[in-house]
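Got your viewer ready? Load the model, set it to cartoon, and keep the selection box handy for a short walk through the contacts.

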Amino acid sequence: MRVVWSLLLVGVLALIAFFGAQAGGQALFGIVLPYLAMAVFLVGVAARVVGWARSTVPFRIPTTCGQERSLPWIKPASLDNPSTGLGAAARVLLEVFTFRSLFRNNRSELREGGRFTFSADKWLWAAALAFHYSFLVVFLRHYRFFAEPVPAVVAWIQGLDGFFQVGLPVVYVSDIVLVAALGYLLWRRLADARLRYISLHADYFPLALILGVALSGVLLRYFSKADIVAVKELAIGLVSFHPAVPKGIDPLVFVHIFLVSVLLTYFPFSKLVHMAGVFLSPTRNLANDNRMHRHVNPWNPPIVGHTYAEWEQEFHDKLVASGIPLDKE
Amino acid sequence: MRDRAWIFIGLAAFLALALAPVWQSALHGAARKPEPKIVTKAKQCVEPTAEMRRNHMELLNAWRDTVVRRGQRTYLAADGKTVTMSLSGTCMSCHPNKKEFCDACHNYLAVSPYCWECHIEPKEKS
């Protein structure tokens, strides 16, 4: 049921923008809300990161996924259990670029006859990788709307993405991969009863929202063929702070922009902020050197020692009276 | 503790990158809207202007396929006129100014159609 609500909500948002833009809300959906969304996104993400930076890390808590560095003749797993800052940095970068923690995904199932099986499940990893990279390519391609002249890199990405030259406008591989991966990630949550049970609105809504963004973009490019010269005028107006809505923009463009605005606004307050958080996860970015360096908790009060000799001195008479032997004799 | 500096460097880099289009527009100044120059006296293209603006790529793609794969060269327009399907012969007779017509919008939006991988580009003074 939860997935229905999320899909419905995205549908309603799309309809609001579609009819709102036609009812004279073009400046609202094209200028005011994008600016607001961008401000909320940047300030929100910065606030989250500053909040994380300010929290104390009294002790190193890396997840250890391999042999710790110990004796010289035991080979350490320098990436899975890094003992140096460089190793930890490499581990974070590999996590960011290749999603190694998802690669370890396992699946446990109760089979017929009461047999319980564990097996590797790479589908989540593969779909997540496909989704994130195609989304990145789509994101980078959109730079052509915001910059004049368009950087050569963007043109190269476009050329590579449209390598197969299918149809005109040329079909981008990233569009197909993006929608397919999103579809799989949504289906994955629905197909397994246990996964469905633990899936929340916060899991379905981002998927539905990004699916909405992707599908509205696909519609604009391949089917309704929006006037992109006007769209670029709008985008350039926004980034040069001389915003104006040119005439003749397809209402579907405002649906696309509005859904992206919602995504940006939702970003800092949801699980999507893992974009920043992945760099700051203490289980990944700290070196496992707890046994090499002494980590003193910064807020510990100074330890006031009380040695046995002092204690014996304090209770000297009582100890003597009880006939207990003293060290200091 | 000691890592806080790194976090703020990263955050600053992220914010600077996220606002890249703003810096670029500040550096290069406001971009002007492209105005494709039409040099012909004809009132209308093969199809109505709005239709051409939106779907010229599909039309050209369909023409390419019909000519190259089926050997047909006659196109029946929506208003009943017949046109010879030919980029150099028909399109370029009214629009010989590739640089001022085609490229005006295509360069603005980094669109690079592959017409000229087979066709010979018209010689123009830039």
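**First stop: a buried lysine**

Select A:Lys225, which is buried, at 6% relative accessibility. Keep in mind as you go that this is a predicted model. What does the side chain of A:Lys225 meet in a salt bridge? Add B:Glu58 to the selection: the two side chains pair up, with N to O at 2.7 Å. A:Lys225 sits in the loop between helix 9 and helix 10 of chain A, while B:Glu58 belongs to helix 3 (residues 49-70) of chain B, so this pair joins two chains. B:Glu58 is partly exposed, with 37% relative accessible area.

**Second stop: the rest of the A-B interface**

Now widen the view to everything in contact between the chains. You should be picking up 42 residues from chain A and 34 residues from chain B. On the chain A side, colour A:Glu148, A:Leu168 and A:Lys225: these lose the most area to chain B, together 19% of what that side buries. For both chains, the buried area comes to about 3200 Å², of which 66% is on carbon and sulfur atoms.

Next, turn on the polar pairs. There are three salt bridges across the interface of chain A and chain B. One of them you have already seen, A:Lys225 with B:Glu58; for another, select A:Glu233 and B:Lys33, whose side chains meet at 4.0 Å, N to O. Polar contacts across this interface number 11 residue pairs, counting those with both residues at pLDDT 80 or more.

Which helices of chain A each supply at least two residues to the side that touches chain B? Highlight helix 2 (26-54), helix 9 (201-224) and helix 10 (228-239). Helix 2 gives the most, with nine residues. If you colour the chain A side by class, expect 28 nonpolar, six polar and eight charged residues.

**Third stop: a long-range pair inside chain A**

Leave the interface and select A:Asp289 together with A:Arg60. Their side chains form a salt bridge, 3.4 Å from N to O. This one links distant parts of the chain, 229 residues apart: A:Asp289 is in the loop between helix 13 (282-285) and helix 14 (308-314), and A:Arg60 is in the loop between helix 2 and helix 3 (85-98) of chain A. Are these two buried or exposed? A:Asp289 is buried at 8% relative accessible area, and A:Arg60 is buried too, at 16%.

**Fourth stop: a charged network**

Go to A:Arg111 and A:Glu109. They form a salt bridge, with the closest N and O atoms 3.4 Å apart. Here A:Arg111 is partly exposed at 40% relative accessibility, and A:Glu109 is partly exposed as well, at 26%. Now extend the selection to A:Arg107, A:Asp192 and A:Arg194: salt bridges with shared partners join these to A:Glu109 and A:Arg111 in one network. Zooming out to the whole structure, the total over all chains is 21 salt bridges.

**Last stop: the cysteines**

How many disulfides are there over all chains? The count is zero. Try B:Cys118, which is exposed at 71% relative accessibility. The nearest cysteine sulfur to B:Cys118 is that of B:Cys115, 9.2 Å away, and B:Cys118 is in no disulfide. Finish on A:Cys65, partly exposed with a relative accessible area of 32%.

Key
Residues numbered from 1 in each chain as written. Chains lettered and ligands numbered in written order. Predicted model: local features only at pLDDT ≥ 70, side-chain atom pairs only at ≥ 80, totals over all residues. Heavy atoms only, no water. Contact = heavy atoms within 4.5 Å. Buried area = accessible area lost by both parts, 1.4 Å probe. Polar contact = N/O pair within 3.5 Å; in protein donor to acceptor, adjacent residues only side chain to side chain. Helix = DSSP H or I, 4+ residues; strand = E, 2+ residues; numbered from the N terminus. Nonpolar A, V, L, I, M, F, W, Y, C, P; charged D, E, K, R; others polar. Buried < 20%, exposed > 50% of the residue type's maximum accessible area, 1.4 Å probe, protein only. Disulfide = S-S within 2.5 Å.
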